[in-house]
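Please look through the sequence and the three-dimensional model shown below before reading on. The report that follows goes from one whole chain to its interface, and then to single residues.

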Amino acid sequence: MGVISTIFGFCGFGVGISSGLVIGYFLFIYFQPTDVKNPEIRPLVERDSETLQQMLPEIPLWVKCPDYDRVDWLNKFLELMWPYLDKAICKTAKNIAKPIIAEQIPKYKIESVEFETLTLGTLPPTFQGMKVYVTDEKELIMEPCLKWAANPNVTIGVKAFGLKATVQVVDLQVFAQPRITLKPLVPAFPCFANIYVSLMEKPHVDFGLKLVGADLMSIPGLYRFVQVANMYLWPKTLEVPILDPSKAYRRPVGILHVKVVKAMNLKKKDLLGASDPYVKLKITEDKLPSKKTTVKHKNLNPEWNEEYNFTVRDPESQAVELAVYDWEQVGKHDKMGMNVVPLKELTPEEPSVKTLDLLKNMDLNDGQNEKSRGQLVVEFIYKPFKEEDLPKSFEESQTVQKAPENTPAGGGLLVVIVHEAQDVEGKHHTNPYARILFRGEERKTKHVKKNRDPRWEEEFQFMLEEPPTNDRLHVEVCSVSSRIGLLHPKETLGYIDINLSDVVSNKRINEKYHLIDSKNGRIQIELQWRTA
Amino acid sequence: MGLISGVFMGMIFGIALMAGWRHMMRYRSTKRIAKAADIKILGSLNRDDLKKICGDNFPIWISFPVYEQVKWLNKELSKLWPFVADAAELVIKESVEPLLEEYRPPGITSLKFSKLSLGNVAPKIEGIRVQSLKQGQITMDIDFRWGGDPSIILGVEAAMVASIPIQLKDLQVFTVIRVIFQLAEEIPCISAVVVALLSEPKPRIDYTLKAVGGSLTAIPGIADMIDDTVDSIITDMLQWPHRIVVPIGGIPVDTSELELKPQGKVAVTIVKANNLKNMEMIGKSDPYAVVHIKPLFKVKTNVVDNNLNPVWNQTFELIAEDKETQSLIFEVFDKDIGQDKRLGIVKLPLIDLEADTPKEAELRLLPSLDMLKIKDKKDRGSITVKVLYHEFNKEEQLSALEEEKRFLEERKKLKEAGVIGSTMDAIDGAASLVGSGVGMVGTGIGAGAGLVTAGVGTGVGLVGSGFGAVGSGLSKAGKFMGRTITGHSSKRSGTTTPVNSVQENGGAKPVQ
């Protein structure tokens, strides 16, 4: 009897527990409100010291550490922008999710999946401090302390087999300390080529995941499984390319040959006799001055047959500007007409002769352009460089390149890059240049006129038979007077001797050195030891 | 028996489990919400909050200025500067050159950059303030300071003289940049950006001019011409309430809301002035008054000869764009041979006026608007004015806008026809150009006296237009002669030579 009773008891317990769970579910959980309320925020001044104590662990880093900066202006900015950002993000998310859902649901025999509510809540992410690091490399490092304690309400309704279930995400909290590195820096907007993001510490992620109203995350033990967002934990990084660094440097990609053949039916500009035309040629987005043909005196149908070459950096956006001017002995030369030929209209390697109508200006709506000003005949050939002709594409400053082929065994290439100097000052003049002495060989950078903080960015190479373990590099900053024959023709602004053994063992060293015999002068020198 | 008790026990256990779960849910939920509230508060702490949290151990490195400091941004900026400078040079060259052309003073035939490099001193952002002045807009004020060492060489061509390279050295910029972000509900959430320089505090832009391989004296008055050009560009394009509107992100938006447009009309009657200072050696001053809201639209009264208590009773209408920040500027000058002397200046902020209510005011004249510059406390007399501000309704606004456009168009046409040298000069600029030509030849041959007479001869202006203009060309020449630059450098400053300087030294200004 006892045995049967126990068995019945267990069975009853089994039935009871399931019915109890159902009753309990309806009793306690089902009728819980599913909407998300705005948290009540009481001003800090009204709080008592006990609640303040609880707040202490969350206190912003800028309060605790002097090397963090406060960015409350950014917080305010985000706060004001948040309602708009919220709507925009949700809209985009919905649009992205729709086709994916539509594609996936037939596989799982689900009738429909849709967002019932989707909002990120009223609380924007906040930055509780910002720290930056200044290094000698071409990079910017930022470490914002990001805390996003949100009150989102994301409800997904799933319908299958005539039943409907909802999954709701509430109270999402993400606290992270990402390191954002912008590198390499390039001289074209936005001034950096890549963004690297990596997390310095395990981020704190917490949220409520309600499945049919019951928060799964509050089941003890389950919370631990969520902390898996370690994908980008340092030193792993997430790389976001922004622009191609080789493009930013605007290296030449080809050569454009322009032959100015002739002009026809030019208009008379001079009072006496015919005009004296000449052509000015210029390629856009280039700092070089424009080129000029010879002047053909008293000629309204001049023939020049003169050739010019331009280096092309970006055939997509650059254009050649041709303008015909009337030469004058005295006073300003009159413009007789102009035209512009975009390079993308030219087929590479193919000569094309164009007859251009001369216009007053490039404004399409200007009525004065309808007047005939004559024609100009020009021949173009655009020759892009072959791949092998291209100068070495952008070199990563971080990685040390291999030495060239002909390096002797055991030897290598010593590369000295003189970046910049600061606070160099001469007694009589400050036109600094750097002089490098290595094994009796002397190299010089270009002169920078009247500048205490010159930037040279020049590279010098020394081919060596064996590693320069016991050698020194002597770098001297000198200044030469801009006027000749004065009392102080040359001055030394400071020097430094660098032991090269460290370079051999480290392959690459990039450092700022304090100059000797100088008040505050510093010089930044990068050394590389490239071996085969 | 066992079954019933089993079911019973099971139910109790099940319900208890659920209750426990709910308790857990609630506990975690309240904890999270409390934390969210904390984080939110900690994102915008002020001094009192921090005092309460830290008590006596208040960290000494923290301060709460109105403009929040951004040391980290400055560090990054100085590192990034060489690259930004490189990238910006091309952009600046392409965007500023047309502007220079537009504002080019007469007497100069071409004004271009022949070299532009921004130097290697990065600008500094002293502070940033973010506020929301209007729904759907974020206003960001950036306290911007730049004591740079850029090398800017302007290629200046004047009539009869070959191109002269002129270098702008030791540029210093102190200003507050106001950036307004217009928000939108599409990524990237900003539909347009409005950029302007705050007029209060006044932007300060100082620089030194130097002729490369020559002397500034080659073109008379060139230094002042460039100063005025730069100054007009800034006050007329950038200084609040003038602004630059940049639409962003390909969202089609109506930016007309953001653009500056006429808001109202001010009818000003300059009644009289009392107890003016006597500036003349013989007799008394010959005063006239000038009033403007925007420097491009100035109007002036007749000259009353030999009177320190002149009565003008002349009425002008001026357009106001922004009642909150704009002011009426009244100036009284002494008409004189050579340079007109300023007897006093006074400002009447438009915000003091009530719409459609006439107001009569007696304003005390000051030697300068810049309170720091006022040294003497002598009484300079007063000016009595009657002002009526009328706010435009929609139609009036549109017609005013049209009118203004038409007026500027007309000037442009005149300029193109070669009658006047630049848009900066109004209709009577024609006369001044002729004058300036004479003036230049005069100086060229060293006959300075001829210049003065030429100046007097140019008094052919248009009263009817209501827009008295500034023949800056000749006035400059006259000013130049008066000042006699011996070296080839002159220190200029935005504060010491505001647009008024044109008036101040309007030596050969055409006056009715």
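Accessible areas come from the Shrake-Rupley method with a 1.4 Å probe, and for residues only the protein chains shown count as cover. With that in mind, the accessible surface of chain B comes to about 23200 Å², and carbon and sulfur atoms hold 59% of this surface. The model is a predicted one, in which local features need pLDDT of at least 70, side-chain atom pairs count only at pLDDT 80 or more, and totals for chains, interfaces and linings use all residues. Residues are numbered from 1 along each chain as its sequence is written, chains are lettered from A and ligands numbered from 1 in the order in which they are written, and side-chain values use heavy atoms, with hydrogens and water left out.

**Chain B as a whole**

Chain B has nine helices and 17 strands, where helices (H or I, at least four residues) and strands (E, at least two) are DSSP runs numbered from the N terminus. Of the 512 residues in chain B, 52% are buried; buried means under 20% relative accessible area, exposed means over 50%, and partly exposed lies in between (1.4 Å probe, protein chains only). A contact means heavy atoms within 4.5 Å, and among the contacts in chain B with a separation of 6 or more, 69% join residues 24 or more positions apart.

**Where chain B meets chain A**

In this interface, 84 residues of chain B are in contact with 101 residues of chain A. The area buried between the two chains is about 8200 Å², with 70% of it given by carbon and sulfur atoms; buried area is the accessible area (1.4 Å probe) that two parts lose on being put together, summed over both. On the side of chain B, the residues that lose the most area to chain A are B:Arg32, B:Trp72 and B:Phe83, which together account for 10% of what that side buries.

The rule finds seven salt bridges across the interface of chain B and chain A, a salt bridge being a side-chain nitrogen of Lys or Arg within 4 Å of a carboxyl oxygen of Asp or Glu. A salt bridge joins the side chains of B:Glu185 and A:Lys87, at 3.2 Å from N to O. Several elements of chain B give two or more residues to the side that touches chain A, including α1 (2-42), α3 (71-103) and β5 (161-183). The largest share of that side, 30 residues, comes from α1(B). By class, the side of chain B that touches chain A has 48 nonpolar, 15 polar and 21 charged residues, where Ala, Val, Leu, Ile, Met, Phe, Trp, Tyr, Cys and Pro count as nonpolar, Asp, Glu, Lys and Arg as charged, and the others, Gly among them, as polar.

One residue of helix α1 of chain B is B:Gly6. B:Gly6 is buried, with a relative accessible area of 6%, and, leaving aside its neighbours within four places in sequence, B:Gly6 is in contact with A:Gly9, A:Gly12 and A:Phe13.

**Backbone angles in chain A**

Most residues other than glycine have a negative phi, and most peptide bonds are trans. The table lists four places in chain A to compare with this.

| Place | Backbone value |
|---|---|
| A:Phe189 to A:Pro190 | cis peptide bond, omega near 5 degrees |
| A:Trp234 to A:Pro235 | cis peptide bond, omega near 5 degrees |
| A:Asp423 | positive phi, near 55 degrees |
| A:Glu457 | positive phi, near 55 degrees |

A:Pro190 lies in the loop between β6 (178-185) and β7 (192-199) of chain A, while A:Pro235 is found in the loop between α5 (222-226) and β10 (238-241). A:Asp423 is in the loop between β19 (412-422) and β20 (432-438) of chain A and is partly exposed, with a relative accessible area of 24%. A:Glu457 belongs to strand β22 (residues 455-464) of chain A and, at 33% relative accessibility, counts as partly exposed.

**A:Asn431 and its surroundings**

A:Asn431 is found in the loop between β19 and β20 of chain A. Is A:Asn431 buried or exposed? A:Asn431 is buried, with a relative accessible area of 4%. Leaving aside its neighbours within four places in sequence, A:Asn431 has contacts that include A:His447, A:Lys450, A:Val480 and A:Ser481. The C-alpha atoms of A:Asn431 and A:Ser481 are separated by 7.0 Å, although these residues are 50 residues apart along the chain. A polar atom of the side chain of A:Asn431 lies 2.9 Å from the backbone nitrogen of A:Lys450, and a polar atom of that side chain lies 2.8 Å from the backbone oxygen of A:Val480.

Methods. Polar contact = N/O pair within 3.5 Å; in protein donor to acceptor, adjacent residues only side chain to side chain.
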